[in-house]
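This report is meant for a reader who is meeting this structure for the first time. Please look over the sequence and the model before reading on.

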Amino acid sequence: MAKWTAKHEAPEPLEGPVVATVTGGTILWFALFVLQLPFYGWFADRGLLWWVWCCAAGGVLGLIGIRYVRGREAALKRHAAERAAQDGA
């Protein structure tokens, strides 16, 4: 059996407003959690409490994601500044 090799080079990753995207998603998860709280009993009666707690978990994981992508953005900026300093020297 022959080893598979790629026929073309992988594209560059897409860059965009990553911090804003993750922050927006986190806000959305928390908003959905808060909007479902008044219906907690309805969800409990039907065995669907996981919907409520899924939104809470999405919000908490989003907070971790915000910290991660902010650190990534800072590292990318530091790297670009170091590279510019090396090119200028």
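## Overall architecture

The protein contains 3 helices and 0 strands, and along the sequence these elements follow the pattern α-α-α. The model is a predicted one, and what is said below should be read with that in mind.

In its overall dimensions, the protein departs from the estimate for a compact globule: for 89 residues such a globule would have a radius of gyration near 12 Å, whereas the protein has 21 Å. Taken along the principal axes, the box filled by the C-alpha atoms is roughly 65 × 50 × 15 Å.

## Surface and contacts

The accessible surface of the protein amounts to about 7,600 Å², and 68% of this area belongs to carbon and sulfur atoms. As for the interior, 15% of the 89 residues count as buried. Among the contacts with a separation of 6 or more, 57% are made by residues that lie 24 or more positions apart.

## Helix α3 and its cover

Helix α3 covers residues 49-88. At 1.5 Å a residue, its 40 residues should span 58 Å, and its end C-alpha atoms are in fact 58 Å apart, so the expected span and the modelled one agree.

The buried residues of α3 are V52, C55, A56, G58, G59, G62, G65, I66 and V69. What covers these buried residues includes α1 and α2, the latter being residues 40-45.

## How α1 meets α3

Two residues of helix α1 show where it touches other parts of the chain. T26 lies in helix α1 and is buried, because its relative accessible area is 4%, under the 20% cut-off. Leaving out residues up to four places away in sequence, T26 touches G59, G62, L63 and I66; of these partners, G59, G62 and I66 are among the buried residues of α3.

V19 is likewise placed in helix α1, but V19 is partly exposed, with a relative accessible area of 25%. Although V19 and I66 are 47 residues apart in sequence, their C-alpha atoms are 6.4 Å apart in space. When its neighbours within four places in sequence are set aside, V19 is in contact with V69, R70 and E73.

## A salt bridge across the chain

The count of salt bridges comes to 1. It is formed by R72 and E15, whose closest N and O atoms are 3.0 Å apart. This pair links distant parts of the chain, since R72 belongs to helix α3 while E15 lies in the segment before α1 (18-36), and the two are 57 residues apart. R72 itself is partly exposed, with a relative accessible area of 29%.

## The cysteines C54 and C55

Which disulfides might a reader look for, and how many does the structure hold? The structure holds 0 disulfides. C54 takes part in none, and the nearest cysteine sulfur, which is that of C55, is 5.7 Å away; because a disulfide requires the two sulfur atoms to be within 2.5 Å, this pair does not qualify. Seen from the other side, C55 is also in no disulfide, its nearest cysteine sulfur being that of C54.

The surroundings of these two cysteines can be described separately. C54 has a relative accessibility of 35% and counts as partly exposed, whereas C55 is buried, with a relative accessible area of 5%, and C55 is listed among the buried residues of α3.

Technical notes. Residues are numbered from 1 along each chain as its sequence is written. This is a predicted model: local features need pLDDT of at least 70, side-chain atom pairs count only at pLDDT 80 or more; totals for chains, interfaces and linings use all residues. Side-chain values use heavy atoms; hydrogens and water are left out. A salt bridge is a side-chain nitrogen of Lys or Arg within 4 Å of a carboxyl oxygen of Asp or Glu. Helices (H or I, at least four residues) and strands (E, at least two) are DSSP runs, numbered from the N terminus. Buried means under 20% relative accessible area, exposed over 50%, partly exposed in between (1.4 Å probe, protein chains only). The expected span of a helix is 1.5 Å times one less than its number of residues. Contact means heavy atoms within 4.5 Å. The radius of gyration is taken over C-alpha atoms; the globule rule is 2.2 Å times the number of residues to the power 0.38. Accessible areas come from the Shrake-Rupley method with a 1.4 Å probe; for residues, only the protein chains shown count as cover.
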